[in-house]
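The two exercises below concern a metal site and a protein–DNA surface, and each is followed by a solution that proceeds in steps.

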2 protein chains.
Amino acid sequence: MRLSSTEENYLKAIYKIAEREKKSASTNTIAKYIGTAPASVTDMLKRLAGKQLINYEKYKGVTLTTYGGREATQLIRRHRLWEVFLASKLRFSWEAVHDIAEELEHVKSEELVNRLDAFLDYPKFDPHGDPIPNAQGKFTLRNQMSLLDAHPGNKVVLLGVREHETSFLQYLNGLNISLGTEFTIKAFNHFDKSMNILIDHTRETLLSEKVCQILLVKKI
Amino acid sequence: MRLSSTEENYLKAIYKIAEREKKSASTNTIAKYIGTAPASVTDMLKRLAGKQLINYEKYKGVTLTTYGGREATQLIRRHRLWEVFLASKLRFSWEAVHDIAEELEHVKSEELVNRLDAFLDYPKFDPHGDPIPNAQGKFTLRNQMSLLDAHPGNKVVLLGVREHETSFLQYLNGLNISLGTEFTIKAFNHFDKSMNILIDHTRETLLSEKVCQILLVKKI
DNA sequence: ATTTAAAGTTAGTCTAATCTAAAAATACCT
DNA sequence: AGGTATTTTTAGATTAGACTAACTTTAAAT
Ligand SMILES: [Mn+2]
Ligand SMILES: [Mn+2]
Ligand SMILES: [Mn+2]
Ligand SMILES: [Mn+2]
């Protein structure tokens, strides 16, 4: 079935909310995520249910059907592949790619996305470290943890970020932190859960609990 | 001003019709070009006139304003740059690129189109030999003529095609004709204006008047 | 110069996607 | 359990972009 960009965005929102909250997505949560009035969401949910994309029961929240989930995954695939293209081929920095990919992801051509995938050499992760589903919708899993769960003495490498907001990514730029950057945990401060971190074996800095929570790393 | 994809498509249609017919575009011509009812065109013309994009006077046909012309040119720039990307980077064949570029052209980011331009090494012509306006909207001019105007004995090289329809381009593929292919005119047949052509110094074939009219060449 | 045909516009309707205001259902609290 | 707060849905409007049917203007033909 041919989906509109708007319908696709709703499916993506439902997918991401379910992933984040590990339960069905509520009307208000979707409204906040998309930035529309709850009444508009209700309208759309009825339409999506009519197209067998979601399971919807009044007042109960929604889940994606198998079919709806497949569509959402393919959209995420397109989004992340375009982000890789923008970053690695057009040299956009990681805070600039998301907004442009929001538009590019709606260009629908199976051939296009698969050729793009090949052109980029089948990347497994996007510029923010998020996994890119393959043509069959399968994500690559990887051992990673929040920096907050690392302990003093640990050496870790940055694999991804949970937050994609421009101002946050620019904050990381300012600290010369990017994917692949290595951290050594020097100390954990119990009173505010902040951490003293040695970046790239050269600069020491303090990272707040909030920032540490966002950074996804693995031990090296 | 922020234009919708639909508005942009109307501007492009008006631009191309004016170019082809060398006069102002009429409601019916636009309707045929876009594939909508004439009444819908009238609606849209009023809106475009309200936004200062076209000069519109009831029953008189329309022309683009300077501002509208600039928008149309930028849209054509985006379209043709994406066609180059699809053909030269993703290895799409020339008959496949147009439909996908029809969607990609509406992704609006000045930064994106300029970086794409640089990534492609500032191409001057698209996969059909059409000129690509630069960031300032300037087209590269080039001496070219229709194959129909060549004479027996002339050696020419194919620079472009006036017709982009899939079935026509596939017909050329079948004859192993692509941009850069060299032709030697062996004979001109007055009764039906067809031509006997030696392709790439190896294969001789007959090309109809219609086909010769479409092929744009220059002498070598 | 009429008449007829073609081209263009107006009027009214439709759908997708949005909104606000009001009503109904569910959840939370004492 | 009853009352209040929160969440969700309904009702009614709006806007962009499309349609058809009917009307008006302009062009062509006798
Ligand atoms: Mn993103
Ligand atoms: Mn991303
Ligand atoms: Mn094209
Ligand atoms: Mn082209």
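**Exercise 1.** In this predicted model, identify which protein atoms are the donors of the manganese ion (ligand 2), and work out which parts of chain A the pair Glu83(A) and His128(A) ties together.

*Solution.* Begin with the donors: the manganese ion (ligand 2) has Glu83(A) through OE, Asp126(A) through OD and His128(A) through ND1, at 2.1 to 2.3 Å. Along the chain, these donors follow the spacing E-x42-D-x1-H. Next, place the residues in the fold: Glu83(A) belongs to helix α4 (residues 66-89), whereas His128(A) sits in the loop between α6 (110-119) and β3 (145-146), so the pair ties together parts of chain A that are 45 residues apart in sequence. Both Glu83(A) and His128(A) are buried. Finally, consider the second metal: Glu83(A) bridges the manganese ion (ligand 2) and the manganese ion (ligand 1), and the two ions lie 3.4 Å apart.

**Exercise 2.** Describe which elements give two or more residues to the surface near DNA strand D, and which share of the strand atoms within 4 Å of the protein belongs to sugar or phosphate.

*Solution.* Start from the strand: of its atoms within 4 Å of the protein, 77% belong to sugar or phosphate, and the rest to bases. Phosphate oxygens of DNA strand D lie 2.9 Å from a polar side-chain atom of Thr42(A), 2.6 Å from one of Ser4(B) and 2.4 Å from one of Ser40(B). Then assign the elements: α2 (27-34) and α3 (38-50) of chain A, together with α1 (5-21) and α3 (38-50) of chain B, each give two or more residues to this surface, and α3(B) provides the largest share, 5 residues. By residue class, the surface divides into 9 nonpolar, 8 polar and 4 charged residues.

Key. Residues numbered from 1 in each chain as written. Chains lettered and ligands numbered in written order. Predicted model: local features only at pLDDT ≥ 70, side-chain atom pairs only at ≥ 80, totals over all residues. Heavy atoms only, no water. Donors = N, O, S within 2.8 Å, 3.2 Å for Na, K, Ca; no water. Helix = DSSP H or I, 4+ residues; strand = E, 2+ residues; numbered from the N terminus. Buried < 20%, exposed > 50% of the residue type's maximum accessible area, 1.4 Å probe, protein only. Near = heavy atom within 4 Å. Polar contact = N/O pair within 3.5 Å; in protein donor to acceptor, adjacent residues only side chain to side chain. Nonpolar A, V, L, I, M, F, W, Y, C, P; charged D, E, K, R; others polar.
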